[in-house]
Each structure stands twice: as C-alpha cells, then as structure tokens.
Amino acid sequence: MKDLTPDPATLDPIETAPRAELEKLQLQRLKQTLERVYEAVPTYRRKFDAAGVTPDDLRALGDLARFPFTTKEDLRAAYPFGMFAVPRERIRRVHASSGTTGKPTVVGYTAGDIEIWADLVARCLRAAGVRRGDIVHNAYGYGLFTGGLGAHYGIEKLGATVIPMSGGQTARQVQLIEDFRPKAIMVTPSYMLNILEEYVRQGLDPRACPLEVGIFGAEPWTPAMRAEIEAAFDMHAVDIYGLSEVMGPGVAQEAVDTKDGLHIWEDHFLPEIVDPETGEPRPDGTEGELVFTTLTKEGMPVIRYRTRDLTTLMPGTARTHRRMAKVTGRSDDMIILRGVNVFPTQIEERVLATPGLAPYFQIELIREGPRDVMRVHVEGLPDADGAACGPVLERSIKEMVGVSCAVLVAAPGGVERSQGKARRVVDKRGA
Ligand code: DLL
C-alpha cells in the first residue's frame with residue numbers, strides 16, 4: 001500500500017489548532033446556536049423552558065449538560081419542517097432518513113450549510129489521502145440519503161473528479177473502476193464486499209485494481225473487516241462517520257496515516273458521551289452513547305442530539321480534534337439474548353476470524369417456545385468444507401461473545417448481499 005499521508009500545508013489550520021483556541025471557538029459558536037434555536041424553534045423553546053434553562057445559563061462548555069436532550073422522537077413530532085431554524089424559503093435542500101417505522105426524519109440545509117458540509121467532506125477526503133486532481137468513485141446512494149450527494153459535493157470542493165455512480169449495478173461499478181481508474185472509492189464496507197465478489201466473478205484480480213484508498217462508513221464495521229478489505233484489494237480502508245440529523249457523512253473521519261479512530265470536526269460539532277440508560281455524562285475514555293450539538297448549522301441545528309451510537313471519546317493524535325473509537329453498534333441494534341448483550345459487530349469479528357468462511361453473514365432471531373434463538377447465516381468459501389466451519393464458528397461465538405447460537409452454512413451466494421447499508425439482523429420473534 002502506498003503512503004498517502006497528506007501534506008500538512010494542505011490541512012485547514014483549525015485541524016491542528018491548540019485545544020484552547022478550539023474550545024474558545026466552540027463556546028462562542030455554542031452560545032450563538034443556543035440563542036438562535038431558543039428564538040426560532042418552538043420545540044427548543046418549550047424544552048428549555050420546561051428544563052428551566054435559557055441560553056444565558058451557558059457560561060462554559062460544561063454548562064451544556066444542563067440543557068435537555070433532543071431525540072429522534074422530537075424530530076418526528078415536528079415532521080416535516082418544524083425543526084427548521086430559518087424560514088423555509090432559505091432552505092436549499094432537504095434529505096430524509098428512510099425510517100423503518102412511521103414517518104421519515106427530515107433535515108434541511110441552507111446554502112451556507114451546504115458549503116460547510118462540502119468543506120468538511122473535503123477535509124475528510126484529505127485526511128484519507130485524497131488530493132486535488134484525483135479521481136473519486138462515489139458509490140454511496142444518491143437521493144434522500146445523505147451519503148451520495150454529501151460525498152459528491154465534498155469531492156468537487158476538494159478539486160477532485162467525481163464519478164457519481166451511486167449504489168447498485170455491481171458489474172457496472174467494476175467496469176467503471178477498471179476503465180476510469182479512480183484512486184479512491186466512497187461506499188459502505190458491506191457493499192465493497194459485493195464489489196469484491198464481482199471482481200472475482202469477472203476473473204479480475206482485485207489486488208491489481210487502481211484503488212488506493214476506500215472511505216467506508218454509513219454502518220458499523222470492525223478492524224477485522226478493515227484487514228479483510230485491505231488485503232483483498234491491496235488498498236487502505238479508512239472510516240468516515242456521520243448522520244443526517246447532524247449533517248450527513250463527514251462529521252468525523254479517520255486519518256489514513258494513523259488509522260486510530262475518527263477525528264470529530266470539533267469546530268462544527270460538539271460531542272459528548274452519556275450513559276445510554278440514565279443520560280448522565282461520562283468522561284472521555286469511557287464507552288457510552290454519542291450525543292452531538294451542532295455549532296454552525298443554520299437550517300436545522302440540533303442540541304444534544306442522542307445518536308444511539310455507542311463509542312468512546314479519545315484525545316486527538318494526527319489532529320487536535322478528539323477521536324471517537326469505531327462505533328460498536330447502535331443501541332437499537334443490540335440483541336439481548338438470554339441476558340447477554342450482543343452486537344452484530346461482535347458476530348462480524350468472529351465470522352471473519354473463522355477460516356473457510358466468506359465475509360458475508362446475517363443474523364436471524366426467532367422464538368422457539370419460550371426461548372429466543374439466534375441463528376447466524378454464513379457461507380463457506382468455494383474451496384472450503386463449509387459444513388466443518390459451522391461448528392467452529394458456533395464455538396468461537398460461544399467463547400468470545402458468550403452466547404449459544406446456531407450457525408447455518410449456506411452455499412456460496414446464499415446469504416443476502418448488501419446494496420448499501422447491510423441488513424445485519426432479521427428479527428422474526430414478533431412474527
Ligand atoms: O449514514 C451518513 C453517512 C453516509 C455516513 C455515508 C458515512 C458515509 P444516516 O443514514 O442518517 O446517515 O445514518 C446514520 O449510520 O447514526 C450510525 O448508526 C451509522 N453510521 C454512519 N457512519 C458510520 C460509521 C449516514 N462510520 C447512522 N460507523 C449513524 C458506524 C455508522 N456506524
């Protein structure tokens with residue numbers, strides 16, 4: 001793999017600014033944000049009033065803990081445009097989350113928000129080793145999902161050439177990568193495995209592909225998956241994080257030269273970690289639920305938004321901005337099996353550590369009488385004895401994760417392939 005360390009002269013000065021300078025900027029922007037939402041958004045005025053706080057109560061960054069949280073339910077209750085802090089006419093674009101149940105969550109951006117978003121994605125790309133003049137294949141889905149368009153404008157802003165491929169049409173993805181020879185790809189890690197399979201199907205050597213770096217996010221993925229993809233394509237694999245409610249892709253990014261967690265762009269987003277049950281703040285270095293307050297958003301700022309994502313905050317390294325560890329999972333995706341908490345990422349690690357298994361899996365939850373049962377669907381590699389791998393994985397999950405499950409080894413191609421965000425858990429217990 002090539003050394004892709006960016007030239008320090010190309011970074012935004014704030015990326016390496018001393019903490020004191022960064023925190024001063026945060027405090028000033030946070031005050032403005034609180035004042036703006038208190039004036040302009042009825043939901044925030046009502047919630048602040050109910051909690052007995054006003055924007056004047058914020059004197060230091062730590063005072064933010066006195067302000068109420070914002071949840072997905074708050075956003076749903078204001079559907080579609082009730083959380084906007086500017087007149088609707090100033091909103092240039094909306095995005096929306098698919099929403100598994102009920103109404104989607106709608107987010108809105110002013111022209112200024114779209115500029116900052118593009119700047120931050122460009123910052124992420126630079127951290128990933130992409131430079132002005134490079135070609136970037138964008139396989140995040142275009143449309144209401146923030147992935148495609150969010151990445152797109154950042155690539156352009158950097159001064160790179162974007163291939164706006166979107167998701168799907170896997171054979172075509174491979175053809176365009178081979179013909180246009182992009183240096184970087186932006187895609188979900190699970191869909192990258194689909195592309196890998198297509199390379200092999202077409203008789204091409206993925207290690208000879210032109211890609212030097214993949215910028216993977218929109219779903220949890222493990223260090224084991226990084227190793228899998230880096231070895232298969234002989235490319236760097238780095239993590240990009242974001243969520244629609246806060247902006248979209250580009251809230252945090254891993255540096256290609258350190259690969260030690262994702263730097264949160266703290267000049268625009270203030271992170272906190274809280275106890276997922278009680279909401280009590282937790283110190284850096286402790287795992288908990290990630291909470292964000294936006295510092296510069298105009299269209300739809302959020303105050304202490306509960307992401308449901310579980311991670312740990314750590315001090316800066318390649319940048320002075322704090323890092324978040326790879327997301328373990330969403331509290332919504334946590335499976336509680338006979339009293340043991342299980343995340344799909346733990347199963348992913350075990351599958352990838354089992355020789356003879358392909359890197360595809362899906363978890364199925366069923367009820368057998370009074371018992372919840374977890375079935376893990378996997379596939380054997382074409383030249384391996386799949387049947388023998390099943391019991392090996394069962395034992396490994398029992399030992400390392402602490403739960404009994406049934407592993408079912410399907411024929412190659414038998415496990416559902418990701419088209420974007422992988423569907424890791426199929427819960428049939430209610431059926
Ligand atoms: O997935 C934004 C995005 C697009 C990020 C492309 C990165 C790349 P949503 O559809 O609103 O937005 O989903 C946000 O996806 O709360 C996490 O649960 C999960 N997620 C996003 N990035 C990561 C990541 C986009 N790098 C939700 N690791 C978030 C783990 C991630 N989970």
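**Exercise 1. Describe the secondary structure content and the end-to-end distance of residues 339-429.**

Solution. In this predicted model, the chain over residues 339-429 is 26% helix and 36% strand. The C-alpha atoms at the two ends of this stretch are 16 Å apart. As for annotation, an unreviewed UniProt entry places the feature "domain: AMP-dependent ligase C-terminal" at residues 339-429.

**Exercise 2. Determine the order of the strands in the open sheet of 9 strands, and state which strands stand at the edges.**

Solution. Step 1: the strands follow the order 4-3-5-6-7-8-9-15-14, and their pairing is mixed.

Step 2: strand 4 (161-163) and strand 14 (313-314) each have a single partner strand, so one side of each lacks a neighbour in the sheet. These two strands therefore stand at the edges.

Step 3: a helix also packs on the sheet, namely helix 6 (residues 170-180), which touches strand 3 (135-138), strand 4 and strand 5 (184-187). The direction of helix 6 makes about 180° with that of strand 3.

**Exercise 3. State how strand 8 and strand 9 run relative to each other, parallel or antiparallel, and how many bridges join them.**

Solution. Strands of a sheet pair through backbone hydrogen bonds, in either a parallel or an antiparallel manner. Here strand 8 (residues 248-254) and strand 9 (residues 262-264) run antiparallel, and 3 bridges join them. Gln-253 has His-263 in strand 9 as its bridge partner.

**Exercise 4. Compare the expected span of helix 4 with the distance between its end C-alpha atoms, and decide how far the helix is enclosed.**

Solution. Step 1: helix 4 (residues 111-127) has 17 residues, which at 1.5 Å a residue should span 24 Å. The expected span is 1.5 Å times one less than the number of residues.

Step 2: the end C-alpha atoms of helix 4 are 25 Å apart, which agrees with the expectation.

Step 3: 12 of the 17 residues are buried, so helix 4 is largely enclosed by the rest of the structure. Among the buried residues are Trp-117, Leu-120, Val-121, Arg-123 and Arg-126.

Step 4: just after helix 4, Gly-129 takes a positive phi of about 100°.

**Exercise 5. Locate the partners of the salt bridge between Lys-72 and Glu-245, and classify each as buried, partly exposed or exposed.**

Solution. Step 1: side chains of opposite charge can pair when their charged atoms come close. For Lys-72 and Glu-245, the N to O distance is 2.7 Å.

Step 2: this pair links distant parts of the chain, with Lys-72 in helix 3 (residues 72-77) and Glu-245 in the loop between strand 7 (236-243) and strand 8, 173 residues apart.

Step 3: buried means under 20% relative accessible area. Lys-72, at 23%, therefore counts as partly exposed, whereas Glu-245, at 6%, is buried.

**Exercise 6. Apply the same analysis to the salt bridges Arg-226 with Glu-254 and Glu-364 with Arg-375.**

Solution. Step 1: the closest N and O atoms of Arg-226 and Glu-254 are 2.9 Å apart. Arg-226 lies in helix 8 (residues 223-233) and Glu-254 in strand 8, 28 residues apart. Both Arg-226 and Glu-254 are buried.

Step 2: for Glu-364 and Arg-375, the closest N and O atoms are 3.5 Å apart. Glu-364 belongs to strand 19 (residues 357-368) and Arg-375 to strand 20 (residues 371-380). Glu-364 is buried at 7% relative accessibility, while Arg-375 is partly exposed at 28%.

Step 3: shared partners join Asp-12, Glu-15, Arg-123, Arg-126, Asp-267 and Arg-319 into one network of salt bridges.

Terms used. Residues are numbered from 1 along each chain as its sequence is written. This is a predicted model: local features need pLDDT of at least 70, side-chain atom pairs count only at pLDDT 80 or more; totals for chains, interfaces and linings use all residues. Side-chain values use heavy atoms; hydrogens and water are left out. Two strands pair if DSSP finds at least two bridges between them. Helices (H or I, at least four residues) and strands (E, at least two) are DSSP runs, numbered from the N terminus. Contact means heavy atoms within 4.5 Å. Axes are lines fitted to C-alpha atoms, for helices over the stretch in contact, and angles run from 0 to 180 degrees between N-to-C directions. UniProt positions are given in the numbering used here, feature names are shortened, and annotations may be inferred rather than shown by experiment. Buried means under 20% relative accessible area, exposed over 50%, partly exposed in between (1.4 Å probe, protein chains only). A salt bridge is a side-chain nitrogen of Lys or Arg within 4 Å of a carboxyl oxygen of Asp or Glu.
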